[in-house]
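Welcome, and please take a moment to look over the sequence and the 3D view below. The notes after it will walk you through a few places worth finding for yourself.

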Amino acid sequence: MVIEHLTKKFGDFTAVDDISFSVNKGEIFGFLGANGAGKSTTIRMLCGILKPTSGRGLVGGVDISKTPEKVKTFIGYMSQKFSLYDDLTIQENLNFFAGIYQISNRKEAVKRAIESAGLTGKEKKITGSLPVGWKQQLSLASAVMHNPSILFLDEPTSGVDPITRRKFWETIRKLSEAGTTVFVTTHYMMEAEYCDRLSIMRAGKVIALGTPIELKRKYEKKSLEDVFVSLVQKGVSK
Amino acid sequence: MKEKIVTVHNLTKSFKEVQAVKGISFEVNQGEVFGLVGPDGAGKTTTMRILAAILSPDSGSAEILHLDSIKDREKIHDRIAYMSQRFGLYQDLTVQENIKFYADLYGVKRTELKESMDKLLSWSNLTQFKNRPAGKLSGGMKQKLGLTCALIHTPELLLLDEPTNGVDPVSRKEFWNLLYKLVDDGLTIIMTTAYLDEAERCHRLAFMDKGKITARGTPKEIVNLIPGGVFKFNSENPFEESNRIAETTQAVSTVFGSQVHVMGKITAEQIQKSINRQAEIVRSEGSVEDAFVYLSEIEKNHG
């Protein structure tokens, strides 16, 4: 992903203000920022849902302004608001997504997704009755059914306990090792520690970028939480 | 001795064939921030709903402010506040209108409303936004408004069910500062959280797992339940090495970013043998999150 001077205005409000950065293939890139800093707007542009006001964005080599519909064919998206249908079974949900993604060998893909989510034997369970951790694995499995090369995760583990969260990140790490690029937003700095590189956004701008270790060193803080608070609060008091 | 304002004794609750709460007992003192932590499905929310006197237990008792959670339900509702994960704010009503709505629900006297509203608005820094529709507030501000509405009838006990999900670190920090101010004024708080860095901020904790309380104490006491502290080392393949340790030794192993944490009956030499390399291993005190992982894994292995 290559982002150059990307800007999005809504009327006279600039939600994303001239941001530039790039993300390498197979990298886990953490996209941090306070509520309302412009993270979701950026993600929506990168996914080809929202047209940038100016600047350029290449996602998997495709220009998000010129051919946004092409982007959607090779990305996956998962958010904390589960996109699963609560009244369908696990299998039915996956069949549905396989249909949406027009996967050719649907049966095989669904079977693989169930295995990867660790839900074998539970295919007939109603999604709404599943524990949060399972839903999350299922949600992830449905988001990667079409083998996307870039995966967007928008606050994927909100409200999940540490053990479930760790399992989730282990899956994410495996995906990245297999070459999937992962672009993730989170409010939990414990989670940000799992990222290869991080950026921090404030009021539409990217104000810091680096590996977790680099950021802690540069701002002379013990934890990412302290780095985040000091950078973002500076903006609040200004 | 501080006054006990919540006494839970042998509480059980089942939903159809699932036993959500399996005989738990605990006490909460006046002016305390008490944290109920545990994995998803541990029974935390069910417990909170019983404490809020909106759900009746199958057996056992819960005394809230010296009132019985079943018999004195209405009286309890007048004196406590319960902020659930889905606290209802009316998006098209302004900040002030939302507060007034809750004040009416709780029967706050009109003569007292203005004073407590002004006080709460200034406490939560929402005064300048009082005419803004709730739907136009940021996530952190919505959460503060929810808390303000919950407090409008000056409760003595505040129950918070995962109050900070989806809130950024700066807003969370501010939220906690607000909570501490309330505690300084004598309020008692019981909260659940899935984030263990937040649990560190509670005065006392109870760990719940599969409907039971498996450990309790101050955050420091909880951390001390990890025998011999935590071995930590950096790793290029943290998940792989952590899994190898868990498979080949008796120890509990987990991953924090690029660091592996190992707990239990093990030595640094045994760790190095297990991962087959000379890692730079340091031994230090753990965190509540370490203790959580340790206790959950131990429970799984023995239970």
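In chain A, the loop between β9 (197-202) and β10 (205-210) holds Ala203(A). This is a predicted model, and in it Ala203(A) has a positive phi of about 45°, although the residue is not a glycine. Is Ala203(A) buried or exposed? It counts as partly exposed, because 17 C-beta neighbours lie inside 10 Å, and being buried would take 20 or more.

Chain B has a residue of this kind too: Leu65(B) is not a glycine, yet its phi is positive, at about 50°. You will find Leu65(B) in the loop between β4 (59-64) and β5 (67-68) of chain B. With 18 other C-beta atoms within 10 Å, Leu65(B) is partly exposed.

Staying with chain B, have a look at strand β11 (residues 230-234), which pairs with strand β14 (residues 282-284) and is also joined to strand β13 (residues 259-263). The table sets out both pairings.

| Partner of β11(B) | Sense | Bridges | Residues standing opposite |
|---|---|---|---|
| β14(B) | antiparallel | three | Val230(B) and Ser284(B) |
| β13(B) | antiparallel | five | Phe231(B) and Val262(B) |

In a regular strand, side chains alternate between the two faces of the sheet.

Finally, where do the chains meet? On chain A, 31 residues are in contact with 28 residues of chain B. Helices α5 (132-143), α6 (162-177), α7 (189-192) and α9 (224-237) of chain A each supply at least two residues of the side that touches chain B. By class, that side of chain A has 15 nonpolar, nine polar and seven charged residues.

Terms used
Residues are numbered from 1 along each chain as its sequence is written. Chains are lettered from A and ligands numbered from 1 in the order in which they are written. This is a predicted model: local features need pLDDT of at least 70, side-chain atom pairs count only at pLDDT 80 or more; totals for chains, interfaces and linings use all residues. Two residues are in contact if their C-beta atoms, placed from the backbone, lie within 7 Å. Helices (H or I, at least four residues) and strands (E, at least two) are DSSP runs, numbered from the N terminus. Ala, Val, Leu, Ile, Met, Phe, Trp, Tyr, Cys and Pro count as nonpolar, Asp, Glu, Lys and Arg as charged, and the others, Gly among them, as polar. Two strands pair if DSSP finds at least two bridges between them. A residue is buried if 20 or more other C-beta atoms lie within 10 Å of its own, exposed if 12 or fewer, and partly exposed in between; C-beta atoms are placed from the backbone.
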